[in-house]
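Hi everyone, thanks for coming. Today I'd like to walk you through one protein model, so please have the picture open in front of you.

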Amino acid sequence: MSYTTAILLRRTDFGDNDLILTLLTKDWGKTSVIAKSAKKSRKRFAGTLDLFTVSQVLYKKGHGRLPLLQEAVLKHVFLSFRYDICKTAYASYWAELIFLWIEEYENQSDLYELFLYSLDTLDKGCIKDIELNILFQIKFLKLSGLSPVLEHCVKCRLPVDSISEHQIFFDLSRGGIVCKKCRTSDSGLFISKEAVKQLTYIDKNGFSGSGIFEFSQQSLYENQSFLETFIPYHLEKNPRSLKFLQQIRDNIDKKEVLKCLKN
Ligand SMILES: [Zn+2]
């Protein structure tokens, strides 16, 4: 028997009556369980079957392949996700990264705390969605041991401040910035020195100083785009939810432009 707190990452139909729930648990990492009769009786796991809800769960190993969910008690719902499709799209992207990248049954309490913090902050709207998206991705990479090398050339270790170019090449296969002298590959992208420094700052400090320190909007866009290229490259998969998120953001941007043109 395992008793823990969990966030619902994914829900899949299993036969006519059951559901497979993939949870990110506080104590046992990513875990898939079967919720018997969950489709037949909504009362049994009331309120806990919506994506991203936080619940207290109890499950036990059955005779089959997956543990059976015995109990689920609702702890918290992120209400704004019900009517804000953009927030749901961000949450879905982060959930898919965890779903695709993380092995089952490995303790991931830091990742659990990061995901919970990100969902809660997204729900409350205390920092901008773009800032939170950058923060989640850079911290996720750190926890996965795949932080991009941004402080110096990944090959000769020349510090970023000593690199003379304003646009620095990021070599995707090496996972870091390279100076002009060391650049041998074309598989990468250019990123401004300002964006590189901003991302290093966010990686170290989060947004703790953001009340005093204004982040350049242009660099935020660059960093969001950089991370949404770097992560799928290393995953060797294109998360479906990322495409959806990008489409929604494009539509919102287009609406904003139309609104400005009308005024
Ligand atoms: Zn170099």
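**A walk through the model**

Let's begin with a single cysteine: Cys 126 is exposed, with a relative accessible area of 55%. Keep in mind as we go that this is a predicted model. Now compare Cys 153, which counts as buried, at 0% relative accessibility.

With cysteines on the table, you may wonder: how many disulfides does a search of the whole structure find? The answer is zero. For Cys 126, the nearest cysteine sulfur belongs to Cys 86 and is 16 Å away, and Cys 126 is in no disulfide. A pair counts as a disulfide when the two sulfur atoms are within 2.5 Å. As a reminder, a disulfide is a covalent bond that links the sulfur atoms of two cysteines.

Let's step back to the whole chain. The protein has 263 residues, and 48% of them are buried. Its secondary structure comes to six helices and eight strands. If you trace the sequence from start to end, the pattern reads β-β-β-β-β-α-α-α-β-β-β-α-α-α. Along the principal axes, the C-alpha trace spans about 65 × 50 × 35 Å. The accessible surface of the protein is about 13,800 Å², and carbon and sulfur atoms account for 52% of that.

Here is another way to look at the fold. Take the contacts between residues at least 6 apart in sequence: 60% of these join residues at least 24 apart.

Now for the empty spaces, starting with the pockets. The largest pocket has a volume of about 280 Å³. Its lining is made of 13 residues, and those nearest its centre are Tyr 90, Ile 130, Tyr 221, Arg 249 and Asp 253. Which helices each supply at least two residues of this lining? They are H1 (85-101), H3 (129-143), H5 (217-235) and H6 (240-262). H6 gives the largest share, with five residues. Sorted by class, the lining of the largest pocket holds five nonpolar, three polar and five charged residues.

The second largest pocket comes to about 210 Å³. Among the residues lining this second pocket are Leu 9, Arg 10, Arg 11, Phe 99 and Arg 240. Strand S1 (2-14), H1 and H6 are the elements that give two or more residues here. This time the largest share, four residues, comes from H1. By class, the second largest pocket is lined by five nonpolar, two polar and four charged residues.

Next, the inside. How many cavities of 30 Å³ or more does a search of the whole structure find? It finds one. This largest cavity holds about 60 Å³ of space. Its lining includes Ala 6, Leu 8, Leu 21, Leu 23, Val 57 and Leu 69. Two or more lining residues come from each of S1, strand S2 (18-25), strand S4 (54-60) and strand S5 (68-76). The cavity lining divides into eight nonpolar residues, three polar ones and no charged ones.

Let me now zoom in on a glutamate in the helices. Glu 228 has its place in helix H5. Is Glu 228 buried or exposed? Glu 228 counts as buried because its relative accessible area is 6%, and the cut-off for buried is under 20%. Setting aside its neighbours within four places in sequence, Glu 228 is in contact with Tyr 93, Asn 133, Gln 137, Leu 242, Leu 245, Gln 246 and Arg 249. You have met Arg 249 already, as one of the residues nearest the centre of the largest pocket.

Last stop: two backbone angles. Most residues other than glycine have a negative phi. Arg 157 is not a glycine, yet its phi is positive, at about 65 degrees. Arg 157 sits in the loop between H3 and strand S6 (167-171). The side of the story about accessibility is that Arg 157 is exposed, at 57% relative accessible area.

Glu 236 also has a positive phi, about 60 degrees, and is not a glycine either. Where is Glu 236 found? You will see Glu 236 in the loop between H5 and H6. Glu 236 counts as exposed because its relative accessibility is 72%, and exposed means over 50%.

That's my tour. Thanks for listening, and I'm happy to go back to any part of the picture.

Note on methods: Residues numbered from 1 in each chain as written. Predicted model: local features only at pLDDT ≥ 70, side-chain atom pairs only at ≥ 80, totals over all residues. Heavy atoms only, no water. 1 Å grid on protein atoms, 1.4 Å probe; cavity = no way out; pocket = protein on both sides within 12 Å on 5 of 7 lines; lining within 4 Å. Points joined across faces, edges and corners; volume = space filled by probe spheres on them. Nonpolar A, V, L, I, M, F, W, Y, C, P; charged D, E, K, R; others polar. Buried < 20%, exposed > 50% of the residue type's maximum accessible area, 1.4 Å probe, protein only. Contact = heavy atoms within 4.5 Å. Areas by Shrake-Rupley, 256 points an atom, 1.4 Å probe, with all protein chains shown as cover.
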